[in-house]
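Work through the exercises below with the sequence and the model open beside you. Try each task before you read the solution that follows.

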Amino acid sequence: MTEPRPIGMERLLAQAARLVSGNALHPAELLQRVQAAFEAGIRDGFGPNDIRVGLSPHDYASYEPMLPDLEGAVRATVARVQARTGCRFLGDVSVHVERAEGAADGTPDVVVRFRETAHRAAEPAAGATRRLVRHSDYVLLVDGQAVALTHTPLSIGRGADNDLVLPSMAVSRHHAELTLDERGFVLTDLGSRNGIVVNGERIREAVLAPGVRAVLGDIVIELRERQARDG
């Protein structure tokens with residue numbers, strides 16, 4: 001049985017014949033590139049959920065009147081691969097087709113990433129044996145999103161059993177731990193794959209003083225006082 005075309009593809013093909021220039025990017029080629037990038041991006045049974053397609057100014061101008069159809073076709077292509085491979089997603093699938101000044105005509109710049117816009121911090125589990133210190137005056141900025149720092153030690157990682165869950169495949173299941181000692185709030189690497197990077201240098205421990213940006217995988221974490229942030 002012939003595989004059905006993605007949603008929006010019929011309209012794309014119809015409008016492709018009316019593109020201003022004969023050397024504009026054909027939608028079928030664009031979707032093939034998206035499919036190849038998505039399949040190559042699957043890791044540990046999870047598919048990338050942030051799909052970005054950069055078009056040259058010329059190609060973008062040609063496709064601009066039909067961007068909703070193009071994004072719908074990209075979504076359908078991703079859904080078809082997901083159904084075939086059985087991969088799962090860490091969050092909702094996001095598709096963006098945008099103008100990319102550096103892209104060459106006829107060659108879309110397809111970038112696939114693992115992203116989740118909602119990071120969550122959990123309360124400590126009942127019966128925890130570690131001595132917990134409660135906090136109410138601090139927040140963690142996780143890629144710019146404020147997450148209340150309720151206690152330390154605070155476990156951080158991709159796994160659902162962490163206090164702060166960072167659902168990114170660049171983050172290890174148990175990536176780091178935030179503790180409080182005489183130096184202040186200290187972020188310690190737990191032997192993660194990508195480690196903790198501060199100012200471009202991979203380090204085992206980072207004291208989260210004001211202005212320090214620690215990168216865990218592809219997630220940026222900063223510590224802020226509530227008053228400093230809200231004021």
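A residue counts as buried when its relative accessible area is under 20%, as exposed when that area is over 50%, and as partly exposed in between. The model used throughout these exercises is predicted.

**Exercise 1. Confidence**

Task: Find the average pLDDT of the protein chain, and decide how residues 1-7 should be read.

Solution: Begin with the whole chain, for which the pLDDT averages 82, with 81% of the residues scoring at least 70. Then turn to residues 1-7, where pLDDT stays under 50, and for which the model has 13 contacts beyond four places in sequence. Where pLDDT is low, the predicted coordinates should not be read in detail.

**Exercise 2. A salt bridge within a helix**

Task: Describe the salt bridge of arginine 33 and glutamate 29, and classify both residues as buried, partly exposed or exposed.

Solution: The first step is to locate the pair: both arginine 33 and glutamate 29 belong to helix H2, which covers residues 27-41, and they are four residues apart, about one turn of the helix. An α-helix has 3.6 residues a turn, so residues three or four places apart point the same way. The second step is the distance, which is 3.6 Å from N to O for the salt bridge between the side chains of arginine 33 and glutamate 29. For the last step, compare the areas with the cut-offs: arginine 33 has a relative accessible area of 34% and is therefore partly exposed, and glutamate 29, with 32%, is partly exposed as well.

**Exercise 3. Salt bridges and a network**

Task: Explain what the salt bridge between glutamate 98 and arginine 52 ties together, and then examine the salt bridge of glutamate 101.

Solution: In the salt bridge between glutamate 98 and arginine 52, the closest N and O atoms are 3.7 Å apart. Glutamate 98 is part of strand S2 (residues 94-99) while arginine 52 is part of strand S1 (residues 50-55), so this pair ties together parts that are 46 residues apart in sequence. Glutamate 98 is partly exposed, its relative accessible area being 33%, and arginine 52 also counts as partly exposed, at 26%.

Glutamate 101 has a salt bridge with arginine 99, and here the closest N and O atoms are 2.7 Å apart. With a relative accessible area of 59%, glutamate 101 is exposed, whereas arginine 99, with 47%, is partly exposed. Through shared partners, salt bridges join Asp50, Arg52, Glu98 and Arg113 into one network. The count of salt bridges comes to 11.

**Exercise 4. An open sheet and its helices**

Task: In what order do the three strands of the open sheet lie, and which helices pack on this sheet?

Solution: The strands of the open sheet follow the order S2-S1-S3, with mixed pairing. S2 and strand S3 (109-113) are the edge strands, each of which pairs on one side only, and the twist from one strand to the next averages 15°. S1 and S2 run parallel and are joined by six bridges, and valine 53 stands opposite valine 97 in S2.

Next, place the helices: H2 packs on the sheet, where H2 touches S1 and S3 and makes an angle of about 30° with the direction of S3. H4 also packs on the sheet, touching S1 and S2, and the direction of H4 makes about 135° with that of S2.

**Exercise 5. The span of helix H4**

Task: Check whether the 19 residues of helix H4 span the expected or an unexpected distance, and say which residue follows the helix.

Solution: Helix H4 covers residues 67-85, and at 1.5 Å a residue its 19 residues should span 27 Å; the C-alpha atoms at its ends are 27 Å apart, so the two values agree. The buried residues of H4 include Leu67, Leu70, Val74 and Val81. Glycine 86, with a positive phi near 75°, follows H4.

**Exercise 6. A hairpin and a threonine**

Task: Describe how S11 and strand S12 pair, and decide whether threonine 188 is buried or exposed.

Solution: S11 and strand S12 (residues 184-189) pair in the antiparallel sense over six bridges, and a hairpin of two residues joins S11 to S12. The bridge partner of threonine 179 in S12 is valine 186. Threonine 188 is also found in S12, and because its relative accessibility is 12%, threonine 188 counts as buried. Beyond four places in sequence, the contacts of threonine 188 include Ala176, Ile196 and Arg204.

How values were computed. Residues numbered from 1 in each chain as written. Predicted model: local features only at pLDDT ≥ 70, side-chain atom pairs only at ≥ 80, totals over all residues. Heavy atoms only, no water. Expected span 1.5 Å × (residues − 1). Buried < 20%, exposed > 50% of the residue type's maximum accessible area, 1.4 Å probe, protein only. pLDDT = per-residue confidence, 0-100. Contact = heavy atoms within 4.5 Å. Salt bridge = Lys/Arg side-chain N within 4 Å of Asp/Glu carboxyl O. Pairing = 2+ DSSP bridges. Axes fitted to C-alpha atoms, helices over the stretch in contact; angles between N-to-C directions.
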